[in-house]
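Q: Pick one buried charged side chain in this model and walk me through it closely, then work outward to the surroundings. Keep it relaxed, but give me the cut-offs as you go.

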Amino acid sequence: MALSDRDCVVSRFVLGVTGASGAIYATRTAMRLKEQGHSVTAVVTAPGREVVQYEGQNALYDYCDETPNVDDFFAECASGSADYAGMAVVPCTMGTLGRMASGTADNLLVRSADVCLKERRPLVVVPREMPYNLIHLENMERLTRAGAILIPASPQFYSKPKTIEELVDTVVVKVLKHLGVQTDFVEPWKGSAG
């Protein structure tokens, strides 16, 4: 069942993109937000731009309303008075996750995440690393205690996805759910009798 225009409240979201592999997660997140009529501000790190290019995901930028420079602390999303509904960091390196966990707002992406935490807005972080070491786990715990939602890039298979895009969307649907965005592009699990 498709959502009607009346069911969709238009909001603005920040999408952080780091240099972790899995740029398709960022592209699909931006695409799905735009399909719902939302505005997307993408803050992409320099390594993130390289990975987006290398993994053939330049379509990401087609779904973004603006892409401020990662060093621009005068960008709107750097301020808590700006009316963003939340932020997703997709995919997230362990270095960026560590800076978010320690409050080291040394670039616009980390500053925007810090703003979400201090303003009690949703911050969804999608780590793309394995295995985790103890420092990674402790940083994840610290970020979770600060109010972030951690959603590792761990797709599910019970919906029987047939393409890479469908598989990626099983993670994207979780990201959007925790940003408060209603979606219908992945069927929810209804149990074995469903």
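A: A polar contact here is a pair of N or O atoms within 3.5 Å; within protein, one must be able to donate a hydrogen and the other to accept it, and residues adjacent in sequence count only if both atoms are side-chain atoms. This is a predicted model, so local features need pLDDT of at least 70 and side-chain atom pairs count only at pLDDT 80 or more, while totals for chains, interfaces and linings use all residues. Residues are numbered from 1 along each chain as its sequence is written, and side-chain values use heavy atoms, with hydrogens and water left out.

Let's take Arg32, which is found in helix H1, residues 23-35 (helices, H or I, are DSSP runs of at least four residues, strands, E, of at least two, numbered from the N terminus). Arg32 counts as buried because its relative accessible area is just 12% (buried is under 20%, exposed over 50%, partly exposed in between, with a 1.4 Å probe and protein chains only). Its side chain makes a polar contact of 2.9 Å with the side chain of Glu35. Setting aside neighbours within four places in sequence, Arg32 is in contact with Asp169, Val172, Leu176 and Phe185 (contact means heavy atoms within 4.5 Å).

Next, Gln57, which sits in the loop between helix H2 (46-54) and E3. Gln57 is buried too, at 14% relative accessible area. Its side chain and that of Thr27 are joined by a polar contact of 3.0 Å. Beyond its neighbours within four places, Gln57 is in contact with Ala23, Ile24, Thr27 and Val52.

Now for something on the outside: Glu187, in the segment after helix H6 (164-179). Glu187 is exposed, with a relative accessible area of 54%. A 3.2 Å polar contact ties its side chain to that of Lys190. Glu187 is 14 residues from Val173 in sequence, and their C-alphas are 9.6 Å apart.

Val173 brings us to the largest pocket, since Val173 is among the residues nearest its centre, along with Tyr158, Thr170, Lys174 and Val186. On a 1 Å grid over the protein atoms alone, a pocket is an open set of points with protein on both sides within 12 Å along at least five of seven lines, a cavity is a set where a 1.4 Å probe fits but cannot get out, and lining residues have an atom within 4 Å of a point. The pocket's volume is about 320 Å³, and 16 residues line it. That lining splits into nine nonpolar, four polar and three charged residues.

There is also one cavity of 30 Å³ or more, with a volume of about 30 Å³. Its lining is Val14, Cys77, Tyr84, Ser112, Val115, Cys116 and Arg121, and helix H4 (residues 108-118) gives the most to it, with three residues.

Finally, the sheet: an open one of five strands, in the order E2-E1-E3-E4-E5, with parallel pairing (two strands pair if DSSP finds at least two bridges between them). Strand E2 (39-44) and strand E5 (149-150) are the edges, each pairing on one side only. Strand E1 (residues 12-17) and strand E3 (residues 86-92) pair in parallel over four bridges, and Phe13 stands opposite Gly86 in E3.

Methods: Points joined across faces, edges and corners; volume = space filled by probe spheres on them. Nonpolar A, V, L, I, M, F, W, Y, C, P; charged D, E, K, R; others polar.
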